[in-house]
Amino acid sequence: MNNLQLEFKASFPKIIFNEPLKKHCTFGIGGAADFFYPATKNKEIKDLIRFANKYKVPFITIGKGSNILFHDHGFRGLVINIKIEKITFHKDSVEAEAGASIAKLIFESIKHGFNGLEKWVGLPGTVGGAVFGNAGCNGLEVKDCLIKSTLLEAFTGKEKKVDNKYFRYKYRHSILKEEPETILSATFRLQKNKLNPEEQRKIMEEIQKFRLDQQPKGSSSGSFFKNPSKDQPAGYLIDQVHLKGQQIGQAKISEKHGNFFLNLGGATAQDILSLAQLAKEKVKERFGLVLEEEVRIIPEQGL
Ligand SMILES: Cc1cc2nc3c(=O)[nH]c(=O)nc-3n(C[C@H](O)[C@H](O)[C@H](O)COP(=O)(O)OP(=O)(O)OC[C@H]3O[C@@H](n4cnc5c(N)ncnc54)[C@H](O)[C@@H]3O)c2cc1C
């Protein structure tokens, strides 16, 4: 072990060295992280951030890795994987820790007689990932229902409470994409018994069916690019330039949905990025539009 590894081990016995990141993202792609920590207590996250800053170790926080493309050489720093999942209901809201999955959040809300989040059925990932990227679908984005959140400052690890406005939400964008901070928890607005369980079930079944019809199975990060506009979604544009089914190495643009990039098994990040570059060039050439990544691309040396 080198000195930094010894220091890490002494302060955080659960630390993992050289952890393959392909195990921690839905793409199934990525080399090893120098340091990897599955955090099960908020205090661990605070201490890790202070430690990382003290030793100048770049760090990132992840949830389920469903919106991330890691580098083929991994990450020269610390990956904190938030595993804290507590969910607490209030009169007309729910507070969820960052590691709670959206699926669990919906399930628990319904169990407690609440409505409001069922449109997110089938949205993979955690509360932290959703709040970070203003995730959403079927007309409901985080920006529409987030009340407040608890964050940790990037350099001090100090806790702070912020409201919805703090995030400066836009389509698949928050201020945290420019100035990363760690999300510990978030509170969402809910309604009590507005829909009966049968109505809720119907809405969710329809959405699930739509997803199954429209989206391919397999290893992906969902939509790779943001939609330049509602009339011209990225999948349509990629279809129009005849790239559906296009393959580079073991990466392929789905035949079913032009904005889904698939790892057929053993694809490299470079395969995916080469396909993405091809799609960007063709779409720019034909439509004059610049496709912008929705998926978070994590460079080897950190952001
Ligand atoms: C099949 C499929 C379908 C999808 N459909 C949709 C959809 O309909 N709508 C949609 O919006 N997205 C969709 N996605 C993308 C993805 O599920 C969402 O973006 C999700 O919110 C990401 O959550 P995560 O926990 O996986 O985040 P991760 O992928 O782990 O992280 C994503 C980003 O958030 C940051 N982050 C994660 N947790 C924290 C935290 N606690 N604090 C600070 N930063 C953090 C990471 O550093 C990273 O930059 C889909 C993905 C797949 C694979």
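Biologist: What makes strand 16 and strand 17 a pair?

Modeller: DSSP has to find at least two bridges between two strands, and strand 16 (residues 251-253) and strand 17 have three, in the antiparallel sense, so they pair. Ile253 stands opposite Phe261 in strand 17. Keep in mind that this is a predicted model, where local features need pLDDT of at least 70, side-chain atom pairs count only at pLDDT 80 or more, and totals for chains, interfaces and linings use all residues. Residues are numbered from 1 along each chain as its sequence is written, and side-chain values use heavy atoms, without hydrogens and water.

Biologist: Why are strand 15 and strand 17 called edge strands?

Modeller: Each of them pairs on one side only. The open sheet has three strands in the order 15-16-17, with antiparallel pairing. Strand 15 covers 247-248 and strand 17 covers 261-263; a strand is a DSSP run (E, at least two residues) and a helix is one too (H or I, at least four), numbered from the N terminus.

Biologist: How do you know that strand 2 has partners elsewhere?

Modeller: Four antiparallel bridges link strand 2 (residues 32-39) to strand 1 (residues 16-20), with Glu19 matched to Ala33. Six bridges join strand 2 to strand 5 (residues 75-82), and those two run parallel. Pro38 stands opposite Asn81 in strand 5.

Biologist: Now the ligand. What makes a residue part of its shell?

Modeller: One of its heavy atoms must lie within 4 Å of the ligand. By that rule 32 residues surround the ligand, the closest being Thr61, Gly63, Ser66, Thr126 and Gly136. By class the shell has 11 nonpolar, 15 polar and six charged residues (Ala, Val, Leu, Ile, Met, Phe, Trp, Tyr, Cys and Pro count as nonpolar, Asp, Glu, Lys and Arg as charged, the others, Gly among them, as polar). Helix 4 gives the most, with four residues.

Biologist: Why does the backbone of Gly63 count as a polar contact of the ligand?

Modeller: A polar contact is a pair of N or O atoms within 3.5 Å. A backbone N or O atom of Gly63 lies 2.8 Å from a ligand oxygen, so the pair qualifies. Pro124 has a polar backbone atom 3.0 Å from an oxygen atom of the ligand, and for a backbone N or O atom of Ala130 the distance is 3.3 Å. The protein covers 92% of the 970 Å² of accessible area that the ligand has on its own (Shrake-Rupley method, 1.4 Å probe).

Biologist: Which elements give two or more residues to that shell?

Modeller: They are strand 3 (59-62), helix 4 (127-133), strand 9 (136-137) and strand 13 (182-189).

Note on methods. A polar contact is a pair of N or O atoms within 3.5 Å; within protein, one must be able to donate a hydrogen and the other to accept it, and residues adjacent in sequence count only if both atoms are side-chain atoms.
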